[in-house]
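Dear colleague,

I am handing over the structure we spoke about, and below it you will find my notes on aromatic pairs and on helix packing. Please read them with the coordinates open.

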Amino acid sequence: MFKRVICVSFLIIFTNISISYSKPNNQIIHEALGFMLGGDYGWDAVATEYEVDGCYITYLQDFMGMSLIAIYDFDKAFWNSAASQVGDDGREYFMLDGEIGLQEVYAYDEFGEDVTEGLWIFGINGGKGSFMTFPILVDISRFENAMYDLMDECPGIKSKY
């Protein structure tokens with residue numbers, strides 16, 4: 001009987017440990033994505049408000065007189081597609097493909113009117129999308145370290161290619 005109680009106790013303990021380690025670590029996601037978006041200044045350089053809920057991140061940003069709401073769902077990411085490319089402006093950009101809903105972007109003017117449709121003027125696809133891109137503000141090796149931390153917490157959709 002004593003052996004049975006000990007076995008059941010260990011089973012419960014190991015199950016709880018396994019479950020707790022299977023959840024994404026919000027603090028790692030917070031630090032990694034904040035660094036990827038805002039460089040050394042982190043979230044302060046990017047967002048006025050933000051929320052990290054596992055691999056689902058929402059943030060609010062002042063953008064050209066508008067309130068821009070960005071939503072990322074890294075559970076929908078194809079990490080094998082991650083790449084960087086120099087844009088027409090000479091800056092290096094991070095690019096990532098995924099399923100629809102990987103990124104959502106909405107914009108509202110100072111009166112609260114939805115102006116998402118007009119984001120195309122700034123090269124931003126409003127609404128739900130399957131592609132994200134943003135400028136890389138730090139050395140690429142430092143950016144990659146943060147990206148790998150984010151990938152470890154949010155493995156996205158497994159893809160062989």
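Are W43 and Y59 buried or exposed? Both residues are buried, and please bear in mind throughout that this is a predicted model.

A search of the whole structure finds nine aromatic pairs. In one of them, the rings of W43 and Y50 have planes at 10 degrees and centres 4.5 Å apart, so this pair is stacked. The two partners differ in exposure, since W43 has a relative accessible area of 4% and is therefore buried, whereas Y50, at 37%, is partly exposed.

W43 also pairs with Y59, this time edge-to-face, with 65 degrees between the planes and 5.6 Å from centre to centre. Because W43 lies in the loop between α2 (26-38) and β1 (49-53), while Y59 belongs to strand β2 (residues 56-63), the pair ties together parts that are 16 residues apart in sequence. Ring pairs link both of these residues with Y50, Y72, F74 and W79 into a cluster.

Turning to the helices, α2 packs with helix α3 (residues 140-153) at an angle of about 145 degrees, the axes being 9 Å apart, and the crossing of α2 and α3 is left-handed. On the α2 side the contact involves I28, I29, A32, L33, F35 and M36, which meet R142, F143, A146, M147, D149, L150 and E153 in α3. The residues of this contact divide into ten nonpolar and three charged, with no polar ones.

Best regards

Methods:
Residues numbered from 1 in each chain as written. Predicted model: local features only at pLDDT ≥ 70, side-chain atom pairs only at ≥ 80, totals over all residues. Heavy atoms only, no water. Phe/Tyr/Trp six-rings, centres within 6.5 Å; stacked < 30°, edge-to-face > 60°. Buried < 20%, exposed > 50% of the residue type's maximum accessible area, 1.4 Å probe, protein only. Helix = DSSP H or I, 4+ residues; strand = E, 2+ residues; numbered from the N terminus. Axes fitted to C-alpha atoms, helices over the stretch in contact; angles between N-to-C directions. Left-handed = near helix turned anticlockwise from the far one by under 90°. Contact = heavy atoms within 4.5 Å. Nonpolar A, V, L, I, M, F, W, Y, C, P; charged D, E, K, R; others polar.
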